[in-house]
Amino acid sequence: MCDHAADPSSSIFSGPQCTKDATTPSTGSRRRRLWDLDHQCHCPVVGVCLPLDTLRRLVNKALGGEACADDYEVHVGAVAECAHRNRLSELLQNELEKRFSREVQQFRPAKTTREVAELWAKAIRQGDVTGAFWAALTHARCDAVLQEVLCRDMHMLQHQAGATARIDVAKFHALLGENAVLTRELGKVQERSTRLISEKSAEIERLGAQLVRARAESIGKDSRIAFLSEDLAAIKASRPDADLGARLQKKMDQMAYRQTELESLCTELRQKLASTSKILDGMGSESARAGIPGMAEPLELRTSPVTVYLHQKTVLCVGGRSGSIASYRDVVERVGGRFAHHDGGLEDSQSILDSSLAAADLVICQTGCISHNAYWKVKDFCKRTGKRCVFVENPSASSLVRGLELISSKETHAAPVESSDVLQSDTKG
C-alpha cells in the first residue's frame, strides 16, 4: 500500500477538479466510478490493475507530454488524482473498463452483496483476481464491509505475490545456472551429432555409389539373360526335336530296366515251365496206361496260339498304358514283327509321330489312351497313304493280339484295303 498525502497540490497533474466527496456512497444499480471509490481503494486499483507501462502512457497522455518522474512518483501522483474526476481519472476509468469488460459482465448478474462476495471468493480460488477486484469493487452492491474485505484480501495477495516473486527470482537464478550447464552439454552433443552426421553422410554416399554399380551390373546381367533366353527360344523354335536326345535316353533307360525285369521273369517262367512239363508228361503217361481219354493229348492241342506272322514288319503302337508296353513288345516280337511305340503326345513330341508313322508297316492306335491331336493325325495319315491301321478302344495285350489277327485275316482273304478298322474289344487285360 502507498503512504502518501492526498493533497491535490502535491499531484503531478494539475487540472479542473470535481468538488464531490469521494466517500459519497452510490445509490441504485449504477456501478461506481474510480473517483467514487474510497481513497484507500485507489492504491491497490492503480498498483494491481494497471501495468506500469500502461499507467505511464495514460499519464503522458493526460499531461500532453513526457513525465520525467520515476515509476513510484507516477504511481503516487495517479493515486492522488483518482480522488477527483479529472482528465487522468477519466482515462484510467476508461482503460479499466475496457481491460476488464469480461469480468464486469460476469459480476453483473449478482443482485446482492453476498453474491458479489461469492464471485470474489471464486476468483481467489481460481487465482485470477485482478479483473475480479475491479468488477467487485465498483459493483453497485459492494458495501463498506465488502470493500474492506476486498482491500484486505488484495493486500495479503500482494504480500504473497511478493514472496512468490522472491522465490521465483531464486528459482530463476538457479535455472539460469542449470541452463548454462545444459547449454554447454548441448553444445557438446551438437558437436558430436554434427560429426556423426558427417560420417554417416560419407558412408551413405559410399553405399549409394555401390548400390548404383550393383544396379548397373544387375541390369547388365538381366539384359544378357533376356538375350540368351531369346536365342534359346529361337533355337528351340527352329529345332522342335532339340530335346529329342534327352527323351530318347530316358526312354532307353526305361526300356533297359524293363528288359532286365523281363529277362528275370522269363528265366523264372522257363524254370516253372520245365517243371510243369515234367509233371504233365508223367501225368500223361500214367493216364495213357490207365486209359483216361483226353489227358494224353499234347498241350499244343489245348491252346489257341496267335495265327499271325509279320515277317519282320514294323508295327507302330500309338498310345496305350506305359506299364503294358513290354507286353505289347513281347506280343509283336513273338509273331516276327518289329515293335515301335509312341505315347500319343503325352510325353513324346508330336513331331516324332510323323516320322514314326512313315517308318511303320502296320499301325495299331489305342484310342482310349491317346490325345485328340494324335488320333486325328494317325487317322489322316493312314487315310492319305492307305497304310493298314486298326483302332483299338481297350488298351490291353489281348486287344493288341486281336488287332493283329484282324489285320492278318483281312490280308489272307484279300479284302479291299481300307484306311482304318475299329476293333471293339472287352475290358479284360
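**Exercise 1. Confidence in the model**

What is the mean pLDDT of the protein chain, and what percentage of its residues reach 70 or more? Find also where the pLDDT is below 50.

*Solution.* The structure is a predicted model, and the mean pLDDT of its protein chain is 77, with 77% of the residues reaching 70 or more. Next, look along the chain for stretches below 50: one of them covers residues 3-27, which have 39 contacts in the model beyond near neighbours in sequence. Another covers residues 414-429, where the pLDDT is again below 50 and where 41 contacts beyond near neighbours in sequence are found in the model. Where pLDDT is low, the predicted coordinates should not be read in detail.

**Exercise 2. A strand and its partner**

Decide whether the residues of strand S1 (residues 314-318) are buried, work out which way they point, and describe how S1 is joined to strand S2.

*Solution.* Begin with the burial of S1, which is mostly covered, since five of its five residues are buried, a label that requires under 20% relative accessible area. Then consider direction: Thr314, Leu316 and Val318 point one way from the strand, while Val315 and Cys317 point the other way, and all are buried. This pattern can be set beside a general rule, that in a regular strand the side chains alternate between the two faces of the sheet. Finally, turn to the partner: S1 and strand S2 (residues 338-342) run parallel and are joined by five bridges, and Leu316 has Ala340 of S2 opposite it.

**Exercise 3. Salt bridges along the chain**

Taking a cut-off of 4 Å between a side-chain nitrogen of Lys or Arg and a carboxyl oxygen of Asp or Glu, examine three of the salt bridges and the exposure of residues that form them.

*Solution.* The count for the model comes to 16 salt bridges. Take Glu97 and Arg31 to start with, whose closest N and O atoms are 3.0 Å apart. This pair links distant parts of the chain, because Glu97 lies in helix H4 (residues 87-99) and Arg31 in the segment before helix H1 (39-49), 66 residues apart. Glu97 is partly exposed, with a relative accessible area of 23%, whereas Arg31, at 15%, is buried.

Now take Arg85 and Glu90, whose side chains meet at 3.0 Å, N to O. Arg85 is partly exposed at a relative accessible area of 45%, and Glu90 is partly exposed at 31%.

The next pair is Glu203 and Lys200, with the closest N and O atoms 3.9 Å apart, a distance that falls within the 4 Å cut-off. Glu203 and Lys200 are three residues apart in helix H8 (residues 144-238), so about one helical turn separates them. Glu203 counts as partly exposed, at 33% relative accessibility. Salt bridges can also be linked in a network, as they are for Arg57, Glu95 and Arg99.

**Exercise 4. A charged residue without a salt bridge**

Where is Lys387 placed, and what does its side chain meet there?

*Solution.* First locate Lys387, which is in the loop between helix H12 (372-385) and strand S4 (389-392). Next check its surroundings: Lys387 is buried yet has no salt bridge, because Asp361, the nearest side chain of opposite charge, is 6.0 Å away and the cut-off is 4 Å. Lastly, look for a polar partner: a polar atom of the Lys387 side chain lies 2.6 Å from the backbone oxygen of Ala360.

Terms used. Residues numbered from 1 in each chain as written. Predicted model: local features only at pLDDT ≥ 70, side-chain atom pairs only at ≥ 80, totals over all residues. Heavy atoms only, no water. Helix = DSSP H or I, 4+ residues; strand = E, 2+ residues; numbered from the N terminus. Buried < 20%, exposed > 50% of the residue type's maximum accessible area, 1.4 Å probe, protein only. Lys, Arg positive; Asp, Glu negative; His and termini not counted. Polar contact = N/O pair within 3.5 Å; in protein donor to acceptor, adjacent residues only side chain to side chain. pLDDT = per-residue confidence, 0-100. Contact = heavy atoms within 4.5 Å. Pairing = 2+ DSSP bridges.
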